[in-house]
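Me: I should like a close look at one part of this structure, starting from a single contact between two side chains. Please then connect that part to its surroundings, in terms that a first-year student can follow.

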Amino acid sequence: MVKPDGVQRALVGDVISRLERKGFRLAALKLFQPDKALAEEHYKDLSSKPFFKDLVDYIISGPVVAMVWEGAGVVKSARKLIGATNPLEAEPGTIRGDFAVQTGRNVVHGSDSPENGEREAALWFGNDVPIVDWQQVAAPWLRE
Ligand code: DAT
Ligand code: MG
């Protein structure tokens, strides 16, 4: 997901481009402003953290671009492309390393396990936008 700061800072295209060029397949996409209930459910594992309220307020502060990406090892690989949670520790070349300076404005979210990816896809897309299973024509050029 491109968080509200990423949308406002015109980074949507760059984030999509990095995942696309890596070879992953975009399977669903939607731009909208999430409400508090959705943000709280999404981050429920962090509900006891002191920064939880600020985190939720930030995520609902403007439109986000929620996406489903598929491909071999996509969760682990996308987190590498995204970089460390604290942008000051994120390597140059990663999204957070290139575009962010603060944990509370770190531009993107990426699921941390395939199980959470499934959970989050269901939560953010529901029955609203279908997750599309399509064939990349480049598939034989990505995998032998
Ligand atoms: P990530 O987004 O890298 O998966 P996370 O799941 O630990 O990181 O935390 C979710 C978000 O919460 C993170 O992107 C920014 C915010 N956050 C995490 N740790 C924080 C902290 N110590 N202070 C402020 N915000 C924090
Ligand atoms: Mg996380």
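Reply: The side chain of His42 makes a polar contact with the side chain of His109, at 3.5 Å. The model in which this contact appears is predicted, and every statement below should be read in that light. His42 belongs to helix α3, which spans residues 36–42. Is His42 buried or exposed? His42 counts as buried because its relative accessible area is 5%, and the limit for a buried residue is under 20%. The contact with His109 is therefore made by a residue that is itself buried.

How confident is the predictor in the chain as a whole? The protein chain has an average pLDDT of 97, and 100% of its residues score at least 70. Confidence is highest in helix α1 (residues 4–8), with a mean of 99, and lowest in helix α8 (residues 139–142), with a mean of 95. For the complex, the predictor reports an ipTM of 0.99 and a pTM of 0.97.

From the contact we may turn to the loop between α6 (residues 95–99) and α7, where Val107 is placed. Val107 is not a glycine, yet its phi is positive, near 75°. The general background is that most residues other than glycine have a negative phi. Val107 counts as buried because its relative accessibility is 0%.

Ala10 offers a useful comparison. Its phi is also positive, about 65°, although Ala10 is not a glycine. Ala10 is found in the loop between α1 and α2 (residues 12–22). Is Ala10 buried or exposed? Ala10 counts as exposed because its relative accessibility is 65%, and the limit for an exposed residue is over 50%. Thus Val107 is buried, whereas Ala10 is exposed.

The next part to consider is the ligand. Which residues surround ligand 1? They are Lys3, Tyr43, Leu46, Phe51, Leu55, Arg79, Thr85, Arg96, Thr103 and Asn106. Sorted by class, this shell holds four nonpolar, three polar and three charged residues. Three side chains in the shell deserve attention for the distance between one of their N or O atoms and an oxygen atom of ligand 1: this distance is 2.5 Å for Thr85, 3.0 Å for Arg96 and 3.1 Å for Arg79. Ligand 1 exposes 510 Å² when taken alone, and the protein buries 69% of that area.

Helix α4 (residues 52–59) contains Lys53. Lys53 is exposed because its relative accessible area is 56%, a value beyond the cut-off of over 50%. The C-alpha atoms of Lys53 and Lys36 are 10.0 Å apart in space, while the two residues are 17 residues apart in sequence.

The strands come next. Strand β1 (residues 25–32) pairs with strand β2 in the antiparallel sense, over seven bridges. Within this pairing, Lys30 stands opposite Ala66 in β2. Strand β2 covers residues 64–70, and six of its seven residues are buried, which leaves the strand mostly covered. As general background, the side chains in a regular strand alternate between the two faces of the sheet.

Finally, the loop between α7 (residues 114–125) and α8 holds Gln135, and Pro130 also lies between α7 and α8. How far apart are Pro130 and Ala27? Their C-alpha atoms are separated by 8.5 Å, although their positions lie 103 residues apart along the chain count. For Gln135 and Arg25, the separation is 110 residues in sequence and 8.8 Å in space, from C-alpha to C-alpha. Pro130 counts as exposed because its relative accessibility is 56%, and Gln135 is exposed because its relative accessible area is 68%.

To return to the starting point, His42 is a buried residue whose side chain is in polar contact with that of His109.

Terms used. Residues numbered from 1 in each chain as written. Chains lettered and ligands numbered in written order. Predicted model: local features only at pLDDT ≥ 70, side-chain atom pairs only at ≥ 80, totals over all residues. Heavy atoms only, no water. Buried < 20%, exposed > 50% of the residue type's maximum accessible area, 1.4 Å probe, protein only. Helix = DSSP H or I, 4+ residues; strand = E, 2+ residues; numbered from the N terminus. Pairing = 2+ DSSP bridges. pLDDT = per-residue confidence, 0-100. Near = heavy atom within 4 Å. Polar contact = N/O pair within 3.5 Å; in protein donor to acceptor, adjacent residues only side chain to side chain. Areas by Shrake-Rupley, 256 points an atom, 1.4 Å probe, with all protein chains shown as cover. Nonpolar A, V, L, I, M, F, W, Y, C, P; charged D, E, K, R; others polar.
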